[in-house]
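Open the model in your viewer and keep the selection panel at hand. The tour goes from the whole chain to one helix pair.

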Amino acid sequence: MRCNSIKCNKKFCEGGDNLKHLNRIKGQLEKLEEYIKNGEECKDIAMLMKSVSASFESLKNKTMKNFVLNELGENITKKQIENIETIFETYKK
């Protein structure tokens, strides 16, 4: 769960993974811009837009979950972590 950055003091951190995810979103946005500029079919633009939206939502949820876990502090139990994981998994559906 830790990103292993020497600057990071958070127990629950996915900094490196989040940056990779953000870079994928950037790539999707660049492709979306290309589609729009090139006059691609609305269906293709809409499908890519949905993909960008889902990817951003996934990153948002992962970041929010880690924020909650970090706010609970160092003494969080394994059961509490499991409960939070379940809440966020249920929320995604």
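**Start with the surface**

Show the surface of the protein chain. About 7100 Å² is exposed, and carbon and sulfur atoms supply 56% of that. Keep in mind that this is a predicted model.

Now color by burial. The chain has 93 residues, and 26% of them count as buried.

**Switch to cartoon**

Which elements appear, reading from the N terminus on? The order is α-α-α. That gives three helices and zero strands in the protein chain.

Next, turn on contacts. Take those between residues at least 6 apart in sequence: 49% of them join residues at least 24 apart.

**Select α2 and α3**

Pick residues 42-72 for helix α2 and residues 78-92 for helix α3. Two packed helices are described by the angle between their axes and the distance between the axes. Here the axes come within 11 Å and cross at roughly 155 degrees. Angles over 145 degrees count as roughly antiparallel, and α2 and α3 are therefore roughly antiparallel to each other. Which hand does the crossing have? α2 passes α3 in a right-handed crossing.

**Show the side chains between them**

On the α2 side, select Asn-61, Met-64, Lys-65, Val-68, Leu-69 and Leu-72. On the α3 side, add Ile-81, Ile-84, Glu-85, Phe-88, Tyr-91 and Lys-92, which these α2 residues meet. Color this set by residue class. How many are nonpolar, polar and charged in the contact of α2 with α3? Eight are nonpolar, one is polar and three are charged.

Key:
Residues are numbered from 1 along each chain as its sequence is written. This is a predicted model: local features need pLDDT of at least 70, side-chain atom pairs count only at pLDDT 80 or more; totals for chains, interfaces and linings use all residues. Side-chain values use heavy atoms; hydrogens and water are left out. Axes are lines fitted to C-alpha atoms, for helices over the stretch in contact, and angles run from 0 to 180 degrees between N-to-C directions. Helices (H or I, at least four residues) and strands (E, at least two) are DSSP runs, numbered from the N terminus. Angles under 35 degrees count as roughly parallel, over 145 as roughly antiparallel, 65 to 115 as roughly perpendicular and the rest as oblique. A crossing is left-handed if the near helix is turned anticlockwise from the far one by less than a right angle, and right-handed if clockwise. Contact means heavy atoms within 4.5 Å. Ala, Val, Leu, Ile, Met, Phe, Trp, Tyr, Cys and Pro count as nonpolar, Asp, Glu, Lys and Arg as charged, and the others, Gly among them, as polar. Buried means under 20% relative accessible area, exposed over 50%, partly exposed in between (1.4 Å probe, protein chains only). Accessible areas come from the Shrake-Rupley method with a 1.4 Å probe; for residues, only the protein chains shown count as cover.
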